[in-house]
Amino acid sequence: MPTVLDSRAPRSADPVSDADRPLRALWRRYTVYRARLILAFTFSVINKVADVMPELLIGAAVDVVVRGDQSFVADVLGVESRYAQLGWLAVINVVVWLVESGSEYLAEVLWRNLAQGIKHDLRMEAYDHVQHLDLSWHESRSSGSTLAILNDDVNQLERFLDVGAPAIIQTALNVILVGGVFAIASTQLLVLAFLPIPVIIVGSLIFQRRLEPLYARVREAVADLSAALSANLAGIATIKAFTAENHEYARISKASLAYRQANSNAIRTAAAFVPLVRVAILTGFTCTLLLGGWATLNGTLEVGMYSVLVFMTQRLLWPLTEVAEVLDLYQRGRASAARLLRLLDEPVIVRQGHASLNRPVAGGLELRGVRAGYADGPDVLKGIDMVIPGGETHAVVGSTGAGKSTLLRLVLRFSDPRSGQVLFDGRDVRDLDWDSLRGSMGYVAQDVFMFAGSIAENIAYGRPTATRAEIEHAARAAAAWEFIEALPDGLDSWVGERGVTLSGGQRQRLALARALLRQPAILVLDEATSAVDNETEAAIQQSLRVATADCTALVVAHRLSTVRHAHRIWVLDAGQIVEFGTHDELVAANGAYAALWRVQTGMLATD
Ligand SMILES: Nc1ncnc2c1ncn2[C@@H]1O[C@H](COP(=O)(O)OP(=O)(O)OP(=O)(O)O)[C@@H](O)[C@H]1O
């Protein structure tokens, strides 16, 4: 169930520090996973302890063979026979093996499920937030860059949790456990074997600092590439029509090369780390081999312990070669988490109110002194006053760019006015909850969008519980039934991606049916019939008059014949109402509308 984010308090009191310490912020955010995280950590610890045991057992076995009844095993178990001691070691070995295998399995399952769980939750939380963000937010950025966060960044974070986090824990435990064994054996060897570690850690920190901006650049580059790709796929028809394939190929190639370059910069730095670690390991291993050997020959170190230490140095230092890879994952995971958190911290500006409308909704609309615009731009609407009584059909006409769609956006509350008020049944729309406001409206946008699904599902999108009869009724009212019936699968024909191809006019009629099926109190039509022919338009008008008999309709149309029968027509020019009245009144007034009407009827006459 999606959460109603827009009724929540802002998500982060301190977004900057969240993005600065993204992994810590995730720990604070996902408290439900803490217990599982601790459990996974515990099994990783058990696994690591069991993992270093074989080296100790080898040492103990060598000790048994060399020292017989004086061995460490004889001391602890009180068994004198070498055969019996080795037998005990074999039993312990099997138990250790079982513990190691079991804990490895459990740790792996827990870490992986944790990664999958957090990935799912984070993606859904981010998606839920994105779909509540204002329309203007969506319009101001490419869908490709948002997609890159919802897909790539979430996957990157999963990889870090899946592989990186357990590896960090294992490496840290290695150092602690092996350090413990060395500390018991010989302080001198402990110092020598651990000498390379500070070098490796300091080196890692330097590399980390260098890698951070490089990975940030990689993320930016992949977002740019993804944005360019999705924009091009959406605009493929235009690319073809303008034979811009080569130009676009070059553009995508440039973005792809920038991504490749950013990656190879990061790889070059990350790869230089391993040779550095190797030199450090060589030093530590050589010291233990040589000095430990001399100590054994001098009799200050037992043979068994010597063999333990030689194996242990390997175990201690070699996994550190993976530090670079783990850091790599850590850096990428961190950059991704920061981007996700930044997205989650994007504020929802247009939040729903808390008031509900009294039912039945009368459908009255009023705009009082409304000024509105986009971002920092000038006012697009410059003081609009309109009254639309419930049940009436009103039209807004005017030249292109006059502000008609902007006015509809305010009614649907896709954005809020800079000043003035939009009232719905006497209530400021800012006070109403979405259910009262948008739930009472049926909207057909200029660009009709069809979801992948059947025609029936698309019509019933706003009322999924509608019966087939109701869907058919709405389709008839939108003059869509005839073409639906002619399709091989009728209402069950598939539309959207890889579905039947519908003409612009057919899509508009389906969108109209979708809006009518909601039985809205207010029907908002933005050029809803611009793509149909005159005959279909007339049929739609006929049906609409019946369908909207009980509801308010607010219609934007360029073709004036569409709105001829409206109770009132508002003429908008450069963001201001310059005339209003019925069709006949406006024609008689011989103003802007009459001029427009003459042009259009003249054009029609010459058709
Ligand atoms: N998302 C947006 N961001 C910034 N400016 C916008 C945005 N949408 C519209 N505008 C600007 O607002 C003005 C009014 O646009 P609007 O779409 O409301 O006009 P319209 O009357 O509906 O035009 P048309 O008849 O062509 O659909 C135009 O100058 C347009 O450039």
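I'll start with helix 8: its buried residues pack against helix 7 (143-185), helix 12 (273-298) and helix 13 (303-317). Bear in mind that this is a predicted model.

Helix 8 itself covers residues 187-194, and its buried residues are Leu189, Leu192 and Ala193. Looking down the axis of helix 8, those buried residues fall within an arc of 95°, so they line one face of the helix. On the face turned away from that buried side sit Thr187 and Val191, which are exposed.

Next, helix 5, residues 82-132. Helix 5 has 51 residues, and from its first C-alpha to its last it reaches 73 Å. At 1.5 Å a residue, 75 Å would be expected, so to speak on paper, and the model comes close to that. Helix 5 also has buried residues, among them Gln85, Trp111, Ile118 and His132.

Now the ligand. Which residues surround the ligand? They are Glu139, Tyr374, Gly377, Val380, Gly398, Thr400, Gly401, Ala402, Gly403, Lys404, Ser405 and Thr406. Helix 15, residues 404-412, gives the largest share of this shell, with 3 residues. By type, the shell divides into 3 nonpolar, 7 polar and 2 charged residues.

Last, a pair of strands. Strand 6 is residues 441-444, and strand 9 is residues 522-526; the two run parallel and are joined by 4 bridges. One of the residues involved is Val444 of strand 6, whose bridge partner in strand 9 is Leu525. Within strand 6, Met441 and Tyr443 point one way, while Gly442 and Val444 point the other way. Are these residues buried or exposed? All of them are buried.

Notes:
Residues are numbered from 1 along each chain as its sequence is written. This is a predicted model: local features need pLDDT of at least 70, side-chain atom pairs count only at pLDDT 80 or more; totals for chains, interfaces and linings use all residues. A residue is buried if 20 or more other C-beta atoms lie within 10 Å of its own, exposed if 12 or fewer, and partly exposed in between; C-beta atoms are placed from the backbone. Two strands pair if DSSP finds at least two bridges between them. The expected span of a helix is 1.5 Å times one less than its number of residues. A residue is near a molecule or strand if its C-beta atom, placed from the backbone, lies within 6 Å of it. Ala, Val, Leu, Ile, Met, Phe, Trp, Tyr, Cys and Pro count as nonpolar, Asp, Glu, Lys and Arg as charged, and the others, Gly among them, as polar. The arc is that of the directions from the helix axis to the C-beta atoms. Two residues are in contact if their C-beta atoms, placed from the backbone, lie within 7 Å.
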